[in-house]
Amino acid sequence: MTTPPIAGACMTSAAFPGQPSQAAREVNTASLCRIGQETVQDIVFRTMEIFQLLRNMQLPNGVTYHPNTHQDRLGKLQEHLRQLSVLFRKLRLVYDKCNENCSGLDPVPTEQLIPYIEEDSSKHDERLANQIRYATEERREVLEVNKKLKQKNQQLKQIMDQLRNLIWEINSMLAVRN
């Protein structure tokens, strides 16, 4: 399960016309990582199947058990274990090949991988002061709106109380009239 390498990923001097291309036979590190990921997923799937088989098997505790069923399940279990060991060997090969491909690379600190633009500190301070001023004005506006909203809510509550009392009085008069 090999994929062609990405252009320029594993180019050697043999990539020129007229010479046999070594890059066509090599698999790049990204493809190896994808193969490794798929292998790990297969290992997890096989392991889940093994646990499913073990859960369905009965322990040999003297209970009469169908020998054919037991042998069938035992055969499936052994086959899954064999496939699991093959997958682990494949994963080891992929791991070793990835380490071999990456051995010549110098480790780069992650801080250097993040693009950062140096700015003049006075511009930064001025921008920070503007942001603080804007945030303060916005907070003041929010507090004013909240204050007005509380006043309106209080007025609405008083109107609702007055309406409730009015309806209560109307209902009382109608009850007395009947």
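Is D96 buried, partly exposed or exposed? At 37% relative accessibility, D96 counts as partly exposed, where buried means under 20% relative accessible area, exposed means over 50%, and partly exposed lies in between (1.4 Å probe, protein chains only). We will come back to D96 after a look at the whole chain.

A word on the ground rules: this is a predicted model, in which local features need pLDDT of at least 70 and side-chain atom pairs count only at pLDDT 80 or more, while totals for chains, interfaces and linings use all residues. Residues are numbered from 1 along each chain as its sequence is written, and side-chain values use heavy atoms, with hydrogens and water left out.

Let us start with the overall fold. The chain has four helices and zero strands, so that its pattern along the sequence reads α-α-α-α; helices (H or I, at least four residues) and strands (E, at least two) are DSSP runs, numbered from the N terminus. Of the 178 residues of the chain, 12% count as buried. The chain exposes about 15,600 Å², and carbon and sulfur atoms supply 59% of that area. Accessible areas here come from the Shrake-Rupley method with a 1.4 Å probe, and for residues only the protein chains shown count as cover. Among contacts (heavy atoms within 4.5 Å) with a separation of 6 or more, 62% are between residues 24 or more positions apart.

Now step into helix α1, which covers residues 29-56 and holds T39. T39 is buried, with a relative accessible area of 1%. Leaving aside residues up to four places away in sequence, T39 touches L87, K90 and L91. Helix α1 also holds R34 and E38, four residues apart and thus separated by about one helical turn. These two form a salt bridge, with their closest N and O atoms 3.0 Å apart. The term salt bridge stands for a side-chain nitrogen of Lys or Arg within 4 Å of a carboxyl oxygen of Asp or Glu. R34 is partly exposed at 30% relative accessible area, and E38 is partly exposed at 25%.

How many salt bridges does a search of the whole structure find? The search finds six, and two more of them bring us to helix α2. Here D96 returns, paired with R92 in a salt bridge whose closest N and O atoms are 3.4 Å apart. D96 and R92 sit four residues apart in helix α2 (residues 67-102), a separation of about one helical turn. R92 is partly exposed, with a relative accessible area of 48%. In the same helix, α2, K97 and E100 are three residues apart, again about one helical turn, and their side chains meet in a salt bridge at 3.6 Å, N to O. K97 is partly exposed at 34%, whereas E100 is exposed at 51%.

Our last stop is a negative surface patch formed by E137, E138, E141 and E144. Patches are made of residues with over 30% relative accessible area and no salt bridge, with like charges joined within 9 Å and nonpolar side chains (Val, Leu, Ile, Met, Phe, Trp, Tyr) within 5 Å. Lys and Arg count as positive and Asp and Glu as negative, while His and the chain ends are not counted. The place of a charge is taken as NZ of Lys, CZ of Arg, CG of Asp or CD of Glu. One of the patch members, E137, lies in helix α4 (residues 121-177) and is partly exposed, with a relative accessible area of 36%.
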